[in-house]
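Visitor: Please choose a single part of this model for a close look, beginning with its backbone, and then set that part against the rest of the chain. I would like every term to come with its cut-offs.

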Amino acid sequence: MGRLTEAAAASGGASAARSAGPSPTPLPLSSTFPGCTATMASSEEDGTNGGASEPGEEKEATGKRRRLGLLATVWLTFYNIAMTAGWLVLAIAMVRFYMEKGTHKGLYKSIQKTLKFFQTFALLEIVHCLIGIVPTSVIVAGVQVSSRIFMVWLITHSIKPIQNEESVVLFLVAWTVTEITRYSFYTFSLLDHLPYFIKWARYNFFIILYPVGVVGELLTIYAALPYVKKTGMFSIRLPNKYNVSFDYYYFLLITMASYIPLFPQLYFHMLRQRRKVLHGEVMVEKDD
Ligand SMILES: CCCCCCCCCCCCC/C=C/C(=O)SCCNC(=O)CCNC(=O)[C@H](O)C(C)(C)COP(=O)(O)OP(=O)(O)OC[C@H]1O[C@@H](n2cnc3c(N)ncnc32)[C@H](O)[C@@H]1OP(=O)(O)O
């Protein structure tokens with residue numbers, strides 16, 4: 001019989017991980033990143049309930065809240081409601097803009113304040129992982145949030161000529177649908193009333209939205225390259241008194257290249273989460 005990996009225990013919705021017993025302290029964060037030697041086992045094999053909203057899950061949720069503590073639960077509920085509302089406001093503003101103007105030109109400008117506020121607020125997700133009130137991998141959350149912050153502040157905000165690119169709309173739509181689903185998933189989970197549709201959406205929409213978002217991000221960075229090269233923005237040239245040089249153009253090329261190893265890791269991580277949460281499969285390590 002295999003034993004549960006930390007990946008299963010630390011990941012969202014793995015019922016078997018929870019029924020293996022409460023874990024008051026979060027597990028090592030890097031463990032949720034793909035790459036560990038593991039096989040998949042069904043919930044039946046493990047004798048656990050892989051279903052969605054069963055009484056057992058309610059008990060687990062209550063146990064989870066007790067483990068979290070009242071303050072953390074109240075804070076996370078507030079945070080998730082605020083984030084769901086923020087991204088909903090963004091969605092409504094985008095739809096209204098498009099219906100009124102019939103073009104995407106000017107859309108970013110009209111929603112930028114709300115976007116910057118809520119996406120920057122999401123930095124708290126890294127803090128939540130670091131202080132251990134959510135069991136998400138700090139690496140997974142860190143890559144996800146920092147790439148978004150980078151796109152918002154260092155690309156779209158800083159390089160005005162690209163703000164009307166279609167690719168900006170592409171990642172904005174992908175982010176918005178994803179975040180409305182994700183934060184409402186967390187909210188309803190905390191409140192013990194998770195509709196199956198939200199759970200299904202959380203673990204299915206990403207299949208399309210993740211690649212769409214990444215394509216939008218990459219095309220936007222690509223569109224920024226000529227401007228960055230021409231203006232030399234954010235670059236430090238030699239000679240200078242610190243004897244340091246930095247070329248933002250090459251930094252952008254490296255960032256684009258870094259999507260090649262990083263994106264599949266996040267995507268396969270989500271696919272594994274999907275199998276665990278929707279199909280009740282759990283990661284088990286084989287004993288030698
Ligand atoms: C400086 C420049 C850097 C550049 C770097 C460039 C490289 C970048 C390469 C990668 C690019 C990615 C770009 C991203 C684009 C997009 O987002 S496109 C849009 C589509 N995106 C998605 O669909 C992915 C969205 N992200 C996520 O789903 C997640 O954030 C995650 C980070 C992938 C983590 O998911 P997962 O491991 O499933 O963990 P969690 O969902 O976080 O759940 C684990 C448990 O923690 C609980 N929890 C987490 N957060 C909360 C919360 N706020 N409130 C309450 N509870 C929370 C959750 O319920 C789980 O609990 P259990 O069920 O008890 O286990």
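Guide: A residue is called buried under 20% relative accessible area, exposed over 50% and partly exposed in between (1.4 Å probe, protein chains only). This is a predicted model, in which local features need a pLDDT (the predictor's confidence in each residue, from 0 to 100) of at least 70 and side-chain atom pairs count only at 80 or more, whereas totals for chains, interfaces and linings use all residues. Residues are numbered from 1 along each chain as its sequence is written, and side-chain values use heavy atoms, with hydrogens and water left out.

The part I have chosen is the loop between α11 and α12, where Phe234 is placed; helices (H or I, at least four residues) and strands (E, at least two) are DSSP runs, numbered from the N terminus. Phe234 is not a glycine, yet its phi is positive, near 55°, and because its relative accessible area is 40%, Phe234 counts as partly exposed. The loop between α11 and α12 also holds Pro239, and the peptide bond that leads from Leu238 into Pro239 is cis, with omega near -5°. As background, most residues other than glycine have a negative phi, and most peptide bonds are trans.

A positive phi also occurs at Asp192, another residue other than glycine, with a value near 65°. Asp192 comes just after α9, in the loop between α9 and α10 (196–202), and since its relative accessible area is 21%, Asp192 is partly exposed. Gly102, just after α5, has a positive phi as well, of about 70°.

The helices on either side of the chosen loop lead to the packing of the chain. A nonpolar core is a set of buried Ala, Val, Leu, Ile, Met, Phe, Trp, Tyr and Cys residues joined through side-chain atoms within 4.5 Å; the largest one has 47 residues, among which Leu115 and Leu172 touch the most other members. At least two residues of this core come from each of α5 (70–101), α6 (107–121), α8 (138–157), α9 (166–190), α11 (205–231) and α12 (248–279), and α12 contributes the most, with 11 residues. A second core, separate from this one, has 8 residues, including Leu68, Ile133, Val134 and Ala141. Contact means heavy atoms within 4.5 Å, and Leu172, leaving aside its neighbours within four places in sequence, is in contact with Met94, Leu107, Tyr108, Ile111 and Leu115.

Elsewhere, Val89 sits in helix α5 and, with a relative accessibility of 47%, is partly exposed; Val89 and Thr176 are 87 residues apart in sequence, but their C-alpha atoms are 9.7 Å apart in space. Over residues 248–268 the chain is 100% helix and 0% strand, with its end C-alpha atoms 30 Å apart. Residues 120–143, by contrast, are 67% helix and 0% strand, and the C-alpha atoms at their ends are 14 Å apart.

For the chain as a whole, the secondary structure comes to 12 helices and 3 strands, and 45% of the 288 residues are buried. Of the contacts with a separation of 6 or more, 76% join residues 24 or more positions apart. The average pLDDT is 82, with 75% of the residues scoring at least 70, and the model scores ipTM 0.93 and pTM 0.81. Residues 1–54 call for caution, as their pLDDT stays under 50, although the model has 113 contacts beyond four places in sequence for them.
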